[in-house]
Structure formats: structure tokens, C-alpha cells
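Open the structure in your viewer and keep the selection tool handy. We will go from stop to stop, and at each one you will be told what to select and what to look for.

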Amino acid sequence: MSVLVLVLAVCAACCLGFGFVLQQNAAERAPLGDFLSPRLLLDLVRVPRWLAGMGLMVAGMVLGAIALGGGELTLVEPLLATNLLFALALSRFQTRQPLGRQGWAGLALLAGGVTAFILAGEPRGGSAVTDPLRHWLIVGVMLGLALLLTLCAGRLRLTWGPTLLALAAGLLYGVQDALTRVSGRRLSAGGLAELLTGWQPYFVVVLGVTGLVLVQSAFETAPLRRSLPALTAAQPLAGIACGVGFLGDRLHTDTGALAWQAGGLAAVVAGIVLLGLHPAMPQSTGESGRERALERS
């Protein structure tokens, strides 16, 4: 387990967490008519705070990609889930809310769950699965779930819409991370020509843009606490599934190790929920007015 990979992954999580908060601060003021439309990005690109958030997000994605180049997806993904800790830190600075029992409990569960999963599983590399059918089956299931969640979100904008969009985006980002690792392997093996002849790098771009529209639509319609926890929980779960499913990542599979891994992932999800619902997470100042506008639309 490389210390450099750990540092890069945590730095990526820091950039992502700060970036998400700044993006939501700007997206909540975007026109509601841009919901689930690429026009939303065109409106937001004129907002300096959103651009700063995007800059941090891109930096986080680059650092995450470098970490994925040196470490297994099953190691990097749980570490990226700690972005919620950094989002809470910035939100706490903005709202001046103390952590309290809920915040400390969520922090302990998230950090402890990540540690338990990594120590029990000891993620390590292996031979990637060469069967394209298995690749497409796993990727197809993830994309199908994301599409289903997005369609449901369009009907439930006032209630579960933001959460469902965030879950869909998390699935896409998990697949994107897996394909980023595949693209890195192709680049290392055959150079730029090998990279550009594969479909993976183009899918990485499409998934990134699609996920961005979903995330900003979720940020636009509800406070951060109703979207970021779902996004943060779905991404590592999807990434781990891809890592074990077709990237060849290996984990300990004896009964004790599997129990600790399952318990660690459960603790991660519980910690994410507690932190996401913390009072320090920013709430939209115009939420009630926006919900009335949505009801009329």
C-alpha cells in the first residue's frame, strides 16, 4: 500500500469536498427551467463561485486519476468518500455550527469504516478480466440503474428527486473512475495511440459531463444535505463493484475478512448519512420559494 497513493486520494477528496460546496452555493441560484438540461452548465459557467468549485473538482479528479494509476480502485474509492468530511469542514466554517455528537459520530463511522475496509480487505492488484461481455454487463447494469434513477427523479423533483439524481451521478462517477484506470493502463502499455483507439477515454468524458449535469440539477433544486450523502455513498460502491468485477482487484475473502469489509462499508454509509444530515451542511435560503416554483412548473 503506497503512502503516495493514500496522500493523493485524500488530497483529491479534499478538493472534491470543497468544490461540491462552492458548486451548490452557486447552483441553488440557477434558473429552475434548466433542470436536467445542459443549459444549466451554460448558466453556471458565468458564476465565479461555481467556476472556483469546478476548478477544485477538476483538481480532485486529476489527483484521483493519478492515485488510481498507482493504486487499486478498491483502495482509492473508499478514501475518495472522505470528501464529505472536507465538505462539512467548509460548510461548518460558513454556518458556524459546532460538530456536536452527530458530527463526531459521523466522522468516527466514516473514518473507521474506511480504515476497517482497507485493513480487512487489503486491496491488491490482479489480472484484469479480458472478457468484454463481463465489462459491458457490469457497466450496463450501472448505467441502466443510473438511467432508471434519473427518470424517477424527473417525476419526484419535490421529494426524492435530488437524492435520486445524486445516486445516479454517483454510479456514473464510479464507472468513470474504473474506466479512467483502464485508460491509464492502455496509456502505459501502448502510449497515446493505444489510448485513443479504445472506447474507454471517450466514455470517461461522456460520463463526466452527464454526471455533472445530474449533480448540478440536484444541487439546484435542494440543499446539499439532500444530495451529497447519496453521491458520496454511491460512487465508492459502484467503483468497488467495477474494481472487483472486471479490473482484477482482489480482496481477502475469508469469512472474518468479509465480515469486517461488509461492516466497514456499512459504517461508511452510516457515517455519510449522519454527516450529510448535520445542521452545518448548507441549506438553500430560498428553498420554500423554489419548491413553490417547482410545483407551478
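**Start with confidence.** This is a predicted model, so colour the protein chain by pLDDT, the predictor's confidence in each residue from 0 to 100. The mean over the chain is 84, and 94% of the residues reach 70 or more. Now select residues 287–296, which form helix α12: confidence in the chain is lowest here, at a mean of 44. Widen the selection a little to residues 285–297, and you have a stretch where the pLDDT is below 50. Beyond near neighbours in sequence, this stretch has 19 contacts in the model. For the other extreme, select residues 48–70, helix α3, where confidence is highest, at 91.

**Stay on α3.** This helix has 23 residues. Place a distance line from its first C-alpha to its last: the span is 34 Å, close to the 33 Å expected at 1.5 Å a residue. Which residues of α3 are buried? Select Trp 50, Gly 53, Met 54, Met 57, Gly 60, Gly 64, Ala 67 and Leu 68 to see them. Next, show what covers these buried residues; the cover includes α1, α2 (39–44), α4 (73–80), α8 and α9.

While you are here, click on Val 58, which also lies in α3. Val 58 is partly exposed, with a relative accessible area of 42%. Its C-alpha atom is separated from that of Gly 19 by 8.7 Å, although the two residues are 39 apart along the chain.

**Look into the largest pocket.** Select Met 61, Ala 65, Leu 68, Asp 177 and Thr 180; of the 25 residues that line the largest pocket, these lie nearest its centre. The pocket holds about 450 Å³ of space. Which elements give two or more residues to its lining? They are α1 (3–27), α3, α8 (161–196) and α9 (200–221), so give each a colour of its own. The helix that gives the most is α8, with 10 residues. If you colour the lining by residue type, you will find 13 nonpolar, nine polar and three charged residues.

**Move along to α9.** This helix has 22 residues and reaches 32 Å from its first C-alpha to its last, close to the 32 Å expected. Is α9 mostly covered or mostly open? It is mostly covered, with 16 of its 22 residues buried.

Zoom in on Gln 216, which lies in α9. Gln 216 counts as buried because its relative accessible area is 0%, and buried means under 20%. Leaving out residues up to four places away in sequence, Gln 216 touches Gln 23, Ala 27, Leu 40, Leu 41, Leu 44 and Trp 50. You have met Trp 50 already, among the buried residues of α3.

**Finish around α6.** Select Ala 108, which has its place in helix α6. Ala 108 is partly exposed, with a relative accessible area of 47%. Draw a line from its C-alpha atom to that of Ala 241, 133 residues apart along the chain, and the separation is 24 Å.

For the last stop, go to the loop between α6 (100–121) and α7 (132–155) and pick Glu 122. What is the phi of Glu 122? It is positive, about 45°, although this residue is not a glycine. Glu 122 is partly exposed, with a relative accessible area of 43%.

Methods:
Residues numbered from 1 in each chain as written. Predicted model: local features only at pLDDT ≥ 70, side-chain atom pairs only at ≥ 80, totals over all residues. Heavy atoms only, no water. Helix = DSSP H or I, 4+ residues; strand = E, 2+ residues; numbered from the N terminus. Contact = heavy atoms within 4.5 Å. 1 Å grid on protein atoms, 1.4 Å probe; cavity = no way out; pocket = protein on both sides within 12 Å on 5 of 7 lines; lining within 4 Å. Points joined across faces, edges and corners; volume = space filled by probe spheres on them. Nonpolar A, V, L, I, M, F, W, Y, C, P; charged D, E, K, R; others polar. Expected span 1.5 Å × (residues − 1). Buried < 20%, exposed > 50% of the residue type's maximum accessible area, 1.4 Å probe, protein only.
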